[in-house]
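Here is a friendly walk through one structure, meant to be read with the model open beside you. Please take a look at it before reading on.

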Amino acid sequence: MIKLGFVLLIAVILVQGMLFWKYQRQVKDICRQLAFMMKHDSNMLINHEFDVGGIGKLSDKLNELLELRRKEKQHYQEKEALIADTYTNLSHDIRTPLNGMIGMLRMAEQYPDDLEMRQSLKAKVNESLDYLVTLINNILELNKLETYKTEIVCMPFNMIEVIQDACFRSYRKAKEKNITFHMDVDKKSIQYPYVVSNATYIDRIFANLTENAVKFTEENGNIDVYYREIHHDDTHVTVEFGCRDDGIGMSEEFMKYAFDAFSQEKKTSRSKYEGSGLGLSIVKKLVDKLDGTIEVASKKNVGTDIK
């Protein structure tokens, strides 16, 4: 009995020693794999030969941390690329109208007696100046919305009047392109035309949405704007408004960048469709400020629906 007990003890010691040796070897192997991944920035995952002493759980947790680290790194890389693109686009958007104005002013000097030519050049210079002023105002507004905790001043106003005023400005631009601009506001179904909110924000939201629709809709296209009440109680009213067009639309790949500042789907769009790509970014931030939601549905060469 004593000999059998001694043999069993020796066997247990040997088994434990073997397990400890394997455990130690596996830990060293995991450390080696980690060192390799960190040195070579590898996307590999940690492997383990056996699951003893929590080795499997350790590997799983380390793999989760590695995946989290990779996602964070990808996020920062995308953010850095976006910042670089922003500076590039901003430089382009400022230099292009400035260079155009310099060229037109020089041309005006070459035709001192041609009144018609000088008037035409003057009009183009004014257009470029208006574009620059709008661009600078948009940049300052976006920076304010992103940087400062702006206090929202809410006052009573007639929602329908604000919407109509904003849409009328875009309607005139649409008319120049022979675009059919239809506004659907059923006044009879609206029980609360007067609301307490921020009229400036509402005006800007509608103006940006409709101006974008006009900008990216070709001649003889169609734009539909609608406004309706969808819910109300004793203290609050929930409204839905949106803008549909049959313009150039957006691809599925670009949709996730639609609200990013200075985003336009193609570089060629920056020259064909004048604009900085700030319109929807400002709209999104204004909607968030008003505790609202915004959804975009779009298809390339079919159109866009924003509500």
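The notes below cover aromatic pairs, then helix packing, and end with one strand residue.

Please keep in mind that this is a predicted model.

**Aromatic pairs**

Let us begin with the rings. The structure holds four aromatic pairs. One of them is formed by Phe 168 and Tyr 171, which are stacked, with 6.2 Å from centre to centre and 25 degrees between the planes. The angle counts as stacked because the planes are under 30 degrees apart. Where do Phe 168 and Tyr 171 sit relative to each other in helix α4? They are three residues apart in this helix (residues 159–176), so about one helical turn separates them.

Tyr 171 also pairs with Phe 181, this time edge-to-face, with 6.2 Å between the centres and 80 degrees between the planes. This pair links distant parts of the chain: Tyr 171 belongs to helix α4 and Phe 181 to strand β2 (residues 180–185), ten residues apart. Taken together, Phe 168, Tyr 171 and Phe 181 form one aromatic cluster.

Is Phe 181 buried or exposed? With a relative accessibility of 13%, Phe 181 counts as buried, because the cut-off for buried is under 20%. Phe 168 is partly exposed at 47% relative accessibility, and Tyr 171 is partly exposed too, with a relative accessible area of 33%.

**Helix packing**

Helix α5 is worth following next, with two partners set out here.

| Helices | Angle between axes | Axis separation | Handedness of crossing |
|---|---|---|---|
| α5 and α7 | about 150 degrees | 9 Å | left-handed |
| α4 and α5 | roughly 25 degrees | within 9 Å | right-handed |

Helix α5 covers residues 199–215 and helix α7 covers residues 279–289. Their angle of about 150 degrees makes α5 and α7 roughly antiparallel to each other. On the α5 side, the residues that meet α7 are Tyr 201, Arg 204, Ile 205, Asn 208, Leu 209 and Asn 212. The α7 residues facing them include Leu 280, Ile 282, Val 283 and Leu 286. By class, this contact of α5 with α7 has eight nonpolar, three polar and two charged residues.

How do α4 and α5 run, with axes that cross at roughly 25 degrees? That angle makes α4 roughly parallel to α5. Among the α4 residues that meet α5 are Met 159, Val 162, Ile 163, Ala 166 and Cys 167. Their counterparts in α5 include Ala 199, Ile 202, Asp 203 and Phe 206. The contact of α4 with α5 divides into eleven nonpolar, two polar and four charged residues.

**A strand residue that meets α4**

Last comes Val 239, which has its place in strand β5 (residues 237–245). Val 239 is partly exposed, with a relative accessible area of 25%. Which residues does Val 239 touch, not counting residues up to four places away in sequence? They are Met 159, Tyr 227, Arg 228, Glu 229 and Ile 230. Met 159 has already appeared above, among the α4 residues that meet α5. As for Arg 228, its C-alpha atom is separated from that of Val 239 by 5.7 Å, with their positions eleven residues apart along the chain counted as the distance apart.

Note on methods: Residues numbered from 1 in each chain as written. Predicted model: local features only at pLDDT ≥ 70, side-chain atom pairs only at ≥ 80, totals over all residues. Heavy atoms only, no water. Phe/Tyr/Trp six-rings, centres within 6.5 Å; stacked < 30°, edge-to-face > 60°. Helix = DSSP H or I, 4+ residues; strand = E, 2+ residues; numbered from the N terminus. Buried < 20%, exposed > 50% of the residue type's maximum accessible area, 1.4 Å probe, protein only. Axes fitted to C-alpha atoms, helices over the stretch in contact; angles between N-to-C directions. Parallel < 35°, antiparallel > 145°, perpendicular 65-115°, else oblique. Left-handed = near helix turned anticlockwise from the far one by under 90°. Contact = heavy atoms within 4.5 Å. Nonpolar A, V, L, I, M, F, W, Y, C, P; charged D, E, K, R; others polar.
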